[in-house]
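Thanks for making the time this morning; I would like to walk through one chain with you, going from a loop to the helix packing and then to the surface. Please keep the structure open while I talk.

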Amino acid sequence: MHDLARALADQLHPGAAPRDVTVNFGARRQAPIEYRSRGRGGPVTVYAQALHAALYGLPTPDESLPTALDALLQATHTATAPEQKTAVLRQVAEQLRNAAESIQRYQYRAQWDRFPTDVAEQLATAHDQAQQIAQALDRVAPAFSHQPTTPRAQAAHGSATTPVASPLAPRHR
């Protein structure tokens with residue numbers, strides 16, 4: 001499977017790391033209309049795994065979304081169907097819950113090992129924030145299952161309030 005992912009990644013650029021490459025599938029204009037209305041895409045490693053399983057008759061995993069956060073980031077760029085977008089947000093929320101659990105274990109370890117008090121306190125804060133973000137994603141994810149009903153022009157005018165950046169964490173790209 002890794003060789004297949006590498007070969008697919010090499011189609012973009014020889015030597016490209018499979019984890020850095022996504023693929024997109026669509027139908028050509030001459031294809032029947034039922035094929036042209038949809039497209040699919042995602043991390044090349046996920047497609048390589050599916051191709052490998054199909055070619056060799058292996059079982060495919062039930063969960064088609066990646067679990068690594070870097071792969072989920074790629075999935076946000078390639079998710080086109082509303083259901084895919086919702087699934088990505090739900091998977092990100094699940095990974096945040098896993099991260100919160102990991103953070104909590106380090107918090108307990110810091111307390112047990114008698115690290116400075118602020119270390120355990122900062123870890124507790126990070127744990128709580130990760131849980132809050134996961135809960136927020138759980139609440140908003142269903143909204144991406146449907147196309148917005150309001151025109152984009154109205155949304156572009158905005159409201160009287162200006163959104164404020166969250167103080168939770170710095171933004172990384």
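R114 sits in the loop between helix 5 and helix 6 (117-140), where helices are DSSP runs of H or I with at least four residues, strands are E runs of at least two, and both are numbered from the N terminus. Although R114 is not a glycine, its phi is positive, at about 60 degrees. Most residues other than glycine have a negative phi. R114 is exposed, with a relative accessible area of 76%; by exposed I mean over 50%, by buried under 20%, and by partly exposed in between, with a 1.4 Å probe and protein chains only.

I should say early that this is a predicted model, in which local features need pLDDT of at least 70 and side-chain atom pairs count only at pLDDT 80 or more, while totals for chains, interfaces and linings use all residues. Residues are numbered from 1 along each chain as its sequence is written, and side-chain values use heavy atoms, with hydrogens and water left out.

As for the overall layout, the chain has 7 helices and 2 strands, in the order α-β-α-β-α-α-α-α-α along the sequence, and 25% of its 173 residues count as buried.

Turning to packing, how do helix 4 and helix 5 cross? The axes of helix 4 (residues 69-78) and helix 5 (residues 82-112) come within 10 Å and cross at roughly 160 degrees, the axes being lines fitted to C-alpha atoms over the stretch in contact, with angles from 0 to 180 degrees between N-to-C directions. That makes helix 4 roughly antiparallel to helix 5, since angles over 145 degrees count as roughly antiparallel, under 35 as roughly parallel, 65 to 115 as roughly perpendicular and the rest as oblique.

Helix 1 (residues 2-12) and helix 3, by comparison, pack at about 130 degrees with their axes 8 Å apart, which makes helix 1 oblique to helix 3.

Staying with helix 3, which covers residues 44-56, is A48 buried or exposed? A48, which has its place in helix 3, is buried, with a relative accessible area of 0%, and its C-alpha lies 9.5 Å from that of P18, although the two are 30 residues apart in sequence.

L51 also lies in helix 3, but L51 is partly exposed, with a relative accessible area of 38%.
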